[in-house]
Amino acid sequence: QVQLVESGGALVQPGGSLRLSCAASGSFFGIGAMGWYRQAPRRQRELVATITGGGSTNYADSVKGRFTISRDNTKNTVYLQMNSLKPEDTAVYYCNAFLYTNRGLNDYWGQGTQVTVSS
């Protein structure tokens, strides 16, 4: 059984910062790419940022220069540092990871963590 558990979501004022974490646990042999996605009310889920196993990163244009994705392979954890937050960043943020298990390479999702940016 594989599980991704996010943490760090909160209510924050515009201009503030938050750091999201997502830890993978369970039975797997390795982790490939990891990423963060978000879904705002009445909108489709969208990519925020991804990071490969080698550390290459990719960001949505809307978060470039404000968000930073990183990973700690020793802790099976991916992070999302969010600075200069805006009300339009309000959404449920989901962690995604490609994990190698005895069923091969598959992607998994966390349960989501709420980020609300409001004064």
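## Two loop residues with positive phi

R42 is exposed, with a relative accessible area of 83%, and in this predicted model the residue sits in the loop that runs between β4 and β5. Its backbone deserves a careful look, since R42 is not a glycine and yet has a positive phi of about 65°.

A second residue of this kind is S84, which is likewise not a glycine and has a positive phi near 50°. S84 is found in the loop between β8 and β9, and with a relative accessible area of 41% it counts as partly exposed, because this value falls between the 20% limit for buried and the 50% limit for exposed residues.

## K86 in the loop between β8 and β9

The loop between β8 and β9 also holds K86, which is partly exposed at 34% relative accessibility. When neighbours within four places in sequence are left aside, the residues in contact with K86 are R66 and V117. Although K86 and G104 are 18 residues apart along the chain, their C-alpha atoms are separated by 39 Å.

## The largest nonpolar core

The largest nonpolar core has 32 residues, and among its members W36, L80, M82 and Y93 touch the most others. Two or more residues are given to this core by each of the strands β1 (2-7), β3 (18-26), β4 (30-39), β5 (46-51), β7 (67-72), β8 (77-82), β9 and β11 (113-117). Which element gives the largest share of this core? That element is β9, with five residues.

The surroundings of Y93 can be described in some detail: apart from residues up to four places away in sequence, Y93 touches E6, L20, W36, Y37, R38, V48, F67, L80, M82, G112, T113 and V115.

## Buried residues A91 and S21

A91 lies in strand β9 and is buried, with a relative accessibility of 2%. A91 and A40 are 51 residues apart in sequence, whereas their C-alpha atoms are 4.2 Å apart in space. Beyond the neighbours within four places in sequence, A91 is in contact with R38, Q39 and A40, and also with T113, Q114 and V115.

S21, placed in strand β3, has a relative accessible area of 19%, and it counts as buried because this value is under the 20% limit. Leaving aside neighbours within four places in sequence, S21 is in contact with V5, E6 and S7, with W36, and with T77, V78 and Y79.

## An aromatic pair across the chain

How many aromatic pairs does the model contain? The count comes to one. The rings of Y37 and W109 have their centres 5.0 Å apart and their planes at 65°, so the pair is edge-to-face. This pair links distant parts of the chain, since Y37 belongs to strand β4 and W109 to strand β10 (residues 104-109), with their positions 72 residues apart in sequence. W109 is partly exposed, at 35% relative accessibility.

## A nonpolar patch on the surface

On the surface, F29, F98, Y100 and L105 form a nonpolar patch, and together they have about 430 Å² of accessible area. One of these residues, F98, lies in strand β9 (residues 91-101), and at 33% relative accessibility F98 counts as partly exposed. Strand β9 is thus met on two occasions in this account, as it holds F98 of the surface patch and also gives five residues to the largest nonpolar core.

Methods:
Residues are numbered from 1 along each chain as its sequence is written. This is a predicted model: local features need pLDDT of at least 70, side-chain atom pairs count only at pLDDT 80 or more; totals for chains, interfaces and linings use all residues. Side-chain values use heavy atoms; hydrogens and water are left out. Patches are made of residues with over 30% relative accessible area and no salt bridge: like charges are joined within 9 Å, nonpolar side chains (Val, Leu, Ile, Met, Phe, Trp, Tyr) within 5 Å. Accessible areas come from the Shrake-Rupley method with a 1.4 Å probe; for residues, only the protein chains shown count as cover. A salt bridge is a side-chain nitrogen of Lys or Arg within 4 Å of a carboxyl oxygen of Asp or Glu. Helices (H or I, at least four residues) and strands (E, at least two) are DSSP runs, numbered from the N terminus. Buried means under 20% relative accessible area, exposed over 50%, partly exposed in between (1.4 Å probe, protein chains only). A nonpolar core is a set of buried Ala, Val, Leu, Ile, Met, Phe, Trp, Tyr and Cys residues joined through side-chain atoms within 4.5 Å. Contact means heavy atoms within 4.5 Å. Rings of Phe, Tyr and Trp (its six-membered ring) pair if their centres lie within 6.5 Å; planes under 30 degrees apart count as stacked, over 60 as edge-to-face and the rest as tilted.
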